[in-house]
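User: Could you take a close look at one part of this model for me, the second largest pocket, and walk me through what lines it and what sits around it?

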Amino acid sequence: MNLADSVETLKGIGPKTAEALKRAGIRTVRDFFYNLPKDYESYAAPTSIAEMRPGKVVIKGKIDSLSTRQARRRRLSITEGVIRDNTGAVKVVWFNQAYRVRQFSPEKEYYFTGNFELKNGRYSLISPSTAEVADIDPKNGLSPIYVAHGAIKSHDFRRLVSNSRSKFSEIPDLLPTVKPGTRKNALFFAHFPNSPKSAQRARDYLAYEELFELILAAKLNRQENEKLKAVEVPFVAAKIKEFVASLPFKLTGAQRLAAWEIFQNMEKNTPMNRLLQGDVGSGKTMVAALAAYEVVLQGRQVALLAPTAILATQHYEGLSKILEKFGVKTALLTGATKKKAELKKQIAAGEIDFVIGTHALLTDDTEFQDLALAIIDEQHRFGVEQRQKLLLKSPDGLAPHLLAMTATPIPRSLQLTVFGDLDVSILNEMPKGRRPITTKILTEVETRELLYPKIRETLNNGSQAYWICKAIDDDPRTETTSVKSRCAKLQRDFSGVKIEFLHGRMKPAEKDEIMERFSRGEIQILVSTTVVEVGVDVPNSTLMVIENAESYGLAQLHQLRGRVGRGSKASFCYLLTSGDTRPSLRLRELEKSNDGFHLAEVDLKLRGPGEIYGALQHGALDLRIATLSDTKLIHRAQADVQKFLQNPENMVKYRELMNGITKYQQITTLN
Ligand code: ADP
Ligand code: MG
């Protein structure tokens with residue numbers, strides 16, 4: 001067995017299943033084994049149906065008369081049936097899980113675990129998770145739960161992995177630093193744990209392995225990077241001074257320091273690899289502008305990559321205004337750009353100095369004449385591959401300098417390890433004259449009485465407001481108000497006020513147009529989904545309402561709130577809750593503090609290991625198993641990588657073991 005083989009080589013996986021797995025990102029045998037359960041359900045010690053009490057229960061029985069019907073409220077399907085054991089029968093109900101009808105054989109026995117509760121006047125078992133009795137080890141009763149991907153549900157994964165049970169013994173070793181066999185055992189016990197402890201041990205090893213590879217890749221990247229040649233960009237003091245003097249504000253000390261670090265870096269003939277970290281509103285864009293200007297002064301090109309078209313457009317508008325005065329030719333390239341081919345020709349011919357854009361920048365046909373600096377805004381939104389793609393756009397054999405920017409705070413000690421290939425600059429100072437944002441938790445019933453007057457006052461002052469909603473459309477299943485109906489309601493309640501909505505599913509041109517009119521002040525209240533979350537900068541908006549505030553994470557709330565408080569006027573943020581329960585600690589902390597680094601610490605404490613830095617895990621680091629809060633494990637992996645690198649033979653062995661299949665090797669060879 002080869003881990004790089006297609007999943008189709010595994011028993012029980014035909015072309016159809018393989019196709020469905022591929023859509024879930026599972027292509028190779030390796031992907032298949034590393035698709036770990038997200039959790040484990042315990043079916044230990046089932047009770048008999050006769051003895052069930054309300055609350056969480058585990059029962060064992062056969063199921064019959066399952067059928068699905070459509071509820072009167074659109075888009076809700078109800079699947080109902082009866083579970084029997086030899087003591088009695090109980091009604092079971094699932095919502096929007098119509099596939100359950102086909103899941104069970106009437107003659108087989110299954111475990112069911114879920115809440116036994118009163119629903120519509122009758123006690124039923126509500127949306128239980130299930131497992132076939134024959135599949136569960138009776139000694140521990142543990143069953144893995146997998147994330148469902150389209151047609152492939154958790155129980156399908158369970159069956160597929162069970163079919164390949166005998167294949168685990170063939171999994172080759174990977175890390176020369178651990179006992180032979182560790183990897184295959186860990187993978188086996190992650191899927192088939194003996195006990196909760198054995199599952200944890202297995203995952204601990206796999207997290208260690210992941211961190212080891214990440215840190216190793218960072219170290220190798222740095223070594224490789226030091227071998228590359230880059231354009232030397234001399235510091236032109238007089239020009240930079242003139243540029244800084246033209247700005248409508250004084251740079252903060254932190255901005256000066258970061259710019260200076262960047263200038264120093266770019267003077268060298270090895271490529272800069274720098275992460276610029278600063279809380280929302282700390283003025284990262286201006287630092288990027290300084291770096292860009294410096295490079296353009298040498299007749300070289302700069303690219304700025306932003307995660308959304310809205311943000312790219314806004315950067316383009318802001319930056320072109322200040323840079324064109326100094327002779328910098330700027331252009332915007334997004335999916336919606338008209339005459340793309342023409343623009344790309346100009347870029348390739350070096351007629352454009354500074355290109356600002358989205359993913360559209362990364363396509364193969366976007367070529368530069370002499371790209372010397374690549375800037376990535378909100379870099380946690382991008383994967384490593386995208387970063388590499390941009391860096392490969394330098395055609396003359398020289399590597400561009402890289403400046404990555406992020407508002408996600410990461411403890412310093414960890415930066416050095418997991419971002420081992422990056423140098424870090426920090427903007428730990430807010431521009432002068434900023435007033436802290438006043439944040440208040442309000443219940444929805446207080447909206448009219450307390451919030452509406454505040455909105456009127458804001459608009460009367462000539463300022464603008466954001467109103468953030470969770471959903472684009474109304475959903476009869478939830479009580480969440482959508483952007484559309486909230487917008488309609490506000491239009492009724494505030495007649496004569498210009499109110500419009502914005503969401504991610506609108507056409508790019510439409511989004512741009514709305515954002516543009518909002519920045520020009522032609523829209524007074526913008527009702528929006530979280531598409532405005534990253535980067536958007538309209539300093540004249542001073543009020544933000546976040547509806548369903550409890551449904552967002554702390555980091556995201558902080559990021560959203562960062563859309564206000566960008567000018568010199570006092571700003572306000574209202575967090576709306578249903579008021580059914582006491583506001584969470586998360587919201588109360590947000591009410592108290594405006595400091596992103598402090599909130600990150602709080603978040604770490606509140607959520608504990610495993611959930612923190614969610615965005616980061618899918619972006620910059622793409623960690624699947626380990627988390628950045630595994631500090632101990634990170635330090636251990638780091639020490640082991642250090643030792644590993646002392647013996648050059650290890651690297652040879654490791655490359656062989658990797659078998660050309662981990663993404664980290666791709667990265668190291670790309671560089
Ligand atoms: P972020 O770090 O969140 O990307 P931005 O770069 O969008 O922040 O800057 C936020 C706002 O602060 C912008 O309107 C920008 O023009 C303004 N700004 C940047 N630097 C300063 C400064 N030194 N003094 C005053 N305002 C500044
Ligand atoms: Mg920004």
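Analyst: Sorted by class, the lining of the second largest pocket comes out as 13 charged, 16 polar and ten nonpolar residues. Bear in mind that this is a predicted model. The pocket itself has a volume of about 1,300 Å³. Its lining counts 39 residues, and Phe249, Met286, Asp537, Pro539 and Arg566 are the ones closest to the pocket's centre.

Where does the lining come from? In terms of helices, H8 (253-266), H9 (284-296) and H10 (309-324) each put in at least two residues. H10 gives the most, with seven. In terms of domains, both domain 3 (251-427) and domain 4 (438-593) contribute at least three residues to the pocket lining. For the wider layout, the domain assignment also lists domain 1 (1-43 + 140-171) and domain 2 (45-135). The centres of domain 1 and domain 3, taken over C-alpha atoms, are 40 Å apart.

Now for ligand 1. It has 17 residues around it, and the closest are Lys250, Gly281, Thr285, Arg434 and Asp537. Asp537 is a name you've already met, as one of the residues closest to the centre of the second largest pocket. An N or O atom in the side chain of Asp537 lies 2.7 Å from an oxygen atom of ligand 1. Arg566, another of those residues closest to the pocket centre, has a side-chain N or O atom 2.9 Å from an oxygen atom of the ligand. With Lys250 the backbone is involved instead: one of its polar backbone atoms is 2.7 Å from a nitrogen atom of ligand 1. On its own, ligand 1 has 560 Å² of accessible area, and the protein covers 87% of that.

H10 turns up again in the second largest cavity, so to speak next on the tour: H10 and helix H16 (508-519) each supply at least two residues of the cavity's lining. A search of the whole structure turns up four cavities of 30 Å³ or more, and the second largest holds about 80 Å³ of space. Its lining is made up of Ile310, Thr313, Gln314, Glu317, Asp512, Met515, Glu516, Ser519 and Val538. By class that's three nonpolar, three polar and three charged. Domain 3 (251-427) and domain 4 (438-593) each provide at least three residues here, and each of them also provides at least three to the lining of the second largest pocket.

Key. Residues are numbered from 1 along each chain as its sequence is written. Chains are lettered from A and ligands numbered from 1 in the order in which they are written. This is a predicted model: local features need pLDDT of at least 70, side-chain atom pairs count only at pLDDT 80 or more; totals for chains, interfaces and linings use all residues. Side-chain values use heavy atoms; hydrogens and water are left out. On a 1 Å grid over the protein atoms alone, a cavity is a set of points where a 1.4 Å probe fits but cannot get out, and a pocket is an open set with protein on both sides within 12 Å along at least five of seven lines; lining residues have an atom within 4 Å of a point. Grid points are joined across faces, edges and corners, and a volume is the space filled by probe spheres set on the points. Helices (H or I, at least four residues) and strands (E, at least two) are DSSP runs, numbered from the N terminus. Ala, Val, Leu, Ile, Met, Phe, Trp, Tyr, Cys and Pro count as nonpolar, Asp, Glu, Lys and Arg as charged, and the others, Gly among them, as polar. Domain bounds come from an automatic or database domain assignment. A residue is near a molecule or strand if one of its heavy atoms lies within 4 Å of it. A polar contact is a pair of N or O atoms within 3.5 Å; within protein, one must be able to donate a hydrogen and the other to accept it, and residues adjacent in sequence count only if both atoms are side-chain atoms. Accessible areas come from the Shrake-Rupley method with a 1.4 Å probe; for residues, only the protein chains shown count as cover.
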